[in-house]
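Thanks for coming, everyone. Please look at the screen, and we will walk through this one together.

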Amino acid sequence: MSTLPKKPQSAFRVLHTADWHLGKLLNDKSRDEEHQRFLDWLLDVVKVQEVDAIILAGDVFDTANPPQSALARYYDFVSGLFRQGNCALVVIAGNHDSAAQLEAPKQALHALSTHVAGFLAEVPENRILCLPSAENPQVAIALLPFLRDRDLRVGKGGEGADEIRAQIVAGIKERYEEAAKAAANITCPVLATGHLTVLGASTSDSERDIHIGGLGAITSDSFPDTFSYVALGHLHRPQATDDANRVRYAGSPIALSFSETSDIKEVRILDVTKEGIAQHGLPIPVSRKLEQIRTTNAELEEVLGRFTPDPGELRTWAEVVVEDATLEDDLIERVNKLTENREFDVLKVMRGRSVAITGMSVGDATDDEAIESLLDQPSQVFEHLLAKHEQLDASEIEELKAAFAVLMDLDAQSEPIGAS
């Protein structure tokens, strides 16, 4: 385990993590083993590094209806953390989570030193959690989960995309300003949580838009100065979004797609004292490596022959992209023969080619990536469809785009059947 500076005697040590996506599949392959190894490592970190509280900034699960194995893994971690003692767990809902499901056992979890915010508390004062206790606070945390459309604005007919965007951004700022005002008289450092998109941050291809057509992106200066640190989730690459290192994404603990193969995953350690906050990144051990192999038809055999991944705890998974392959090439059979009895598993074999639709482009995408890209861009597909209807004037197109965006938002934010 990488070493950290010794915990200052007067510090309250907080660990920031996010985007676990328990229950996640990668090309129908379970990530359970990787997640379990991460959670086991995290329990060790809490003990060795004397962590007083963990902030889990959303997307605990990969879907609103996670499999039982994912639920069991989450609750096993909660109970294991409680048995170790002296560490609180603070959990907010992300856009992948069912807020109702996270909050259902809220009272029981509170008895296990776990504090859950699935829905936004209506009263701003109720969004503030003081740790280790309200009577002896060393840190205060403003609990803002993923903010749904109904938390931010009251929609009206005939609104255009620009108007909706302005309302959402204004609504997000207002919710944080309310929390800052509620914490104004607190004398200890105040942190905030969030699960949203900050403009300028680096994304991967395993995230999806949080708000309608990406309309909810804000800037780093949207968070009041009251907050000494803003612990964010949603983007899977660990990063700061401002020069002051005050607004940060923890990133996901494992690579969730082949676009994240070069990412160095970490948890963020905060030593909170009356004088301020000292930050440290703690790299997460990689139990399974993901590799993307890009080659051509002519070089396929040679490239695969010399590909030797570094050994890990678990077998390496690879994605093979043949840039100049044609539809006639039987790539899967050929790659399977070339990689038989090798020390890695090929999860996906794809053709690489440019795929374009009038007004849209997915660049140098593979066949499967192109399809997935279009499915992940329903707003652009809808706009492409509208462009074909020449009888529509500009105002009608704007109204239809706004209406479609609202439908997308309602679909993305609806609770699954049986969740409430």
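Pro66 is buried, because its relative accessibility is 8% and the cut-off for buried is under 20%. This is a predicted model, so keep that in mind throughout. Where is Pro66? In the loop between β4 and α2. What does Pro66 touch, once residues up to four places away in sequence are not counted? Phe61, Leu71 and Gln101. Now look at Leu22. Pro66 and Leu22 are 44 residues apart in sequence. In space, their C-alpha atoms are 7.7 Å apart.

Stay in this part of the chain and move to Tyr75. Tyr75 belongs to helix α2. Is Tyr75 buried or exposed? Neither: at 32% relative accessibility, Tyr75 counts as partly exposed. Leave aside the neighbours within four places in sequence, and Tyr75 is in contact with Pro105 and Leu109. Tyr75 and Leu109 are 34 residues apart along the chain. Their C-alpha atoms are separated by 9.2 Å.

Next, the aromatic rings. How many aromatic pairs does the structure hold? Eight. Take Trp20 and Phe38. Their ring centres are 5.8 Å apart and their planes stand at 80 degrees, so this pair is edge-to-face. The cut-off for that label is over 60 degrees. Trp20 lies in the loop between β1 (12-17) and β2 (25-26), and Phe38 lies in helix α1 (residues 32-48). So the pair ties together parts that are 18 residues apart in sequence. Trp20 is buried, with a relative accessible area of 0%. Phe38 counts as buried too, at 4% relative accessibility.

Here is another pair: Phe61 and Tyr74. Phe61 and Tyr74 are edge-to-face, with 5.4 Å centre to centre and 80 degrees between the planes. Phe61 sits in the loop between β4 (53-57) and α2 (68-84), while Tyr74 sits in helix α2. These two residues are 13 apart, and the pair links distant parts of the chain. Both Phe61 and Tyr74 are buried. Remember Phe61? Phe61 is one of the residues that Pro66 touches.

Which residues do ring pairs link into a cluster? Trp20, Phe38, Trp41 and Phe77. One more ring, this time with a charge. The charged end of Arg288 sits over the ring of Trp317, 3.8 Å from the ring centre.

Now the strands. Start with β5 (residues 88-92) and β6 (residues 114-117). These two run parallel, and four bridges join them. Ile92 has Ala117 in β6 as its bridge partner. Look at the side chains of β6. Thr114 and Val116 point one way, His115 and Ala117 the other way. All of these are buried.

Then an open sheet of six strands. Its order is β7-β8-β9-β10-β12-β11, and the pairing is mixed. Which strands stand at the edges? β7 (128-131) and β11 (239-240). Each has a single partner strand, so one side of each is left without a neighbour in the sheet. Inside that order, β10 (residues 227-233) and β12 (residues 247-249) pair in the parallel sense over three bridges. Val230 stands opposite Val247 in β12.

There is also an open sheet of three strands. The order is β15-β16-β17, with parallel pairing. β15 (290-295) and β17 (344-351) are the edge strands here, each with a single partner strand, so one side of each lacks a neighbour in the sheet. On average, neighbouring strands of this sheet are turned by 20 degrees against each other, direction ignored. β16 (residues 316-322) and β17 pair in the parallel sense over seven bridges. One of the partnerships is Val320 with Val349 in β17. And a helix joins the picture: α8 (residues 331-338) lies across β16 and β17. α8 runs at about 155 degrees to β17.

Last, confidence. The mean pLDDT of the protein chain is 87, and 85% of its residues reach 70 or more. Two stretches to flag. Over residues 354-367 the pLDDT is below 50, and this stretch has 35 contacts in the model beyond near neighbours in sequence. Over residues 416-420 the pLDDT is also below 50, with eight contacts beyond near neighbours in sequence. Where pLDDT is low, the predicted coordinates should not be read in detail.

That's it from me. Over to you.

Methods. Residues numbered from 1 in each chain as written. Heavy atoms only, no water. Pairing = 2+ DSSP bridges. Axes fitted to C-alpha atoms, helices over the stretch in contact; angles between N-to-C directions. Contact = heavy atoms within 4.5 Å. pLDDT = per-residue confidence, 0-100. Phe/Tyr/Trp six-rings, centres within 6.5 Å; stacked < 30°, edge-to-face > 60°. Buried < 20%, exposed > 50% of the residue type's maximum accessible area, 1.4 Å probe, protein only. Lys NZ or Arg CZ within 6 Å of the ring centre and 35° of its normal.
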